[in-house]
Amino acid sequence: MITKEQFKTLQPFEQHLKTAQLGYIRGVYHSDIQVVLPIYSKLGYKLTNPNCADCVLTMFKVLGNEYNKYIKKNANKK
């Protein structure tokens, strides 16, 4: 599960996280990958190749799942 700080870091990438859930992703820059990669690594995953589109898609799918879990878990705390 991601932390509140990690959630805030992922918020600017919400559109990428949503489209990854649909099976595609585009417009992700290397700088974007560098921002979200530490969160992915803390979850126990490793990005094999940041130039591999499928690898980046998988990373955003995983992060999207965690992002959505965080939203659902904290929906009642507002």
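**Close-up views of a predicted model**

K18 is partly exposed, with 47% of relative accessible area. The structure shown in these views is a predicted model.

**View 1. The K18 to E14 salt bridge in helix α2.** K18 and E14 are joined by a salt bridge, in which the closest N and O atoms lie 3.5 Å apart. The two residues are four apart in helix α2, so about one helical turn separates K18 from E14. In an α-helix there are 3.6 residues a turn, so residues three or four places apart point the same way. E14, like K18, is partly exposed, and the relative accessible area of E14 is 29%. Two salt bridges are present in the structure; the pair K18 and E14 forms a salt bridge, and so does the pair E66 and K69, shown next.

**View 2. The E66 to K69 salt bridge in helix α4.** The side chains of E66 and K69 meet with an N to O distance of 3.4 Å. Both residues belong to helix α4, where they are three residues apart, about one turn of the helix. E66 has a relative accessibility of 12% and therefore counts as buried, the limit being under 20%. K69, with a relative accessible area of 44%, is partly exposed.

**View 3. Packing of helix α2 against helix α4.** Helix α2 covers residues 14-21, and its axis is 8 Å from that of α4, at an angle of about 105°. The two helices are therefore roughly perpendicular. On the α2 side, the contact is made by E14, H16, L17, A20 and Q21. On the α4 side, these residues meet L57, F60, K61, L63, G64, N65, Y67 and N68. By class, the residues of this contact are six nonpolar, five polar and two charged. E14 thus takes part in the contact with α4 and also in the salt bridge with K18.

**View 4. Buried residues of helix α2 and the residue after the helix.** H16, L17, T19 and A20 are buried in α2. Among these, H16, L17 and A20 also appear in the contact with α4. The cover over the buried residues of α2 includes α1 (4-10), α3 and α4. G23 follows α2 and has a positive phi, near 100°.

**View 5. D32, a buried residue of helix α3 without a salt bridge.** D32 is located in helix α3, residues 30-42. Which side chain of opposite charge is nearest to D32? It is R26, 12 Å away. A salt bridge needs a nitrogen within 4 Å of a carboxyl oxygen, so R26 at 12 Å from D32 does not form one. Leaving out residues up to four places away in sequence, D32 touches F13, H16 and G27. One of these, H16, is itself buried in α2.

**View 6. The cysteines C52 and C55.** C52 lies in the loop between α3 and α4, whereas C55 is in helix α4, residues 53-74. C52 is partly exposed, with a relative accessible area of 23%. From C52 to K8 the C-alpha to C-alpha distance is 26 Å, with their positions 44 residues apart in sequence. C55 and Y29 are 26 residues apart in sequence, and their C-alpha atoms are 14 Å apart in space. Setting aside neighbours within four places in sequence, C55 contacts L47 and N49.

Notes
Residues are numbered from 1 along each chain as its sequence is written. This is a predicted model: local features need pLDDT of at least 70, side-chain atom pairs count only at pLDDT 80 or more; totals for chains, interfaces and linings use all residues. Side-chain values use heavy atoms; hydrogens and water are left out. Contact means heavy atoms within 4.5 Å. Axes are lines fitted to C-alpha atoms, for helices over the stretch in contact, and angles run from 0 to 180 degrees between N-to-C directions. Angles under 35 degrees count as roughly parallel, over 145 as roughly antiparallel, 65 to 115 as roughly perpendicular and the rest as oblique. Ala, Val, Leu, Ile, Met, Phe, Trp, Tyr, Cys and Pro count as nonpolar, Asp, Glu, Lys and Arg as charged, and the others, Gly among them, as polar. Buried means under 20% relative accessible area, exposed over 50%, partly exposed in between (1.4 Å probe, protein chains only). Lys and Arg count as positive and Asp and Glu as negative; His and the chain ends are not counted.
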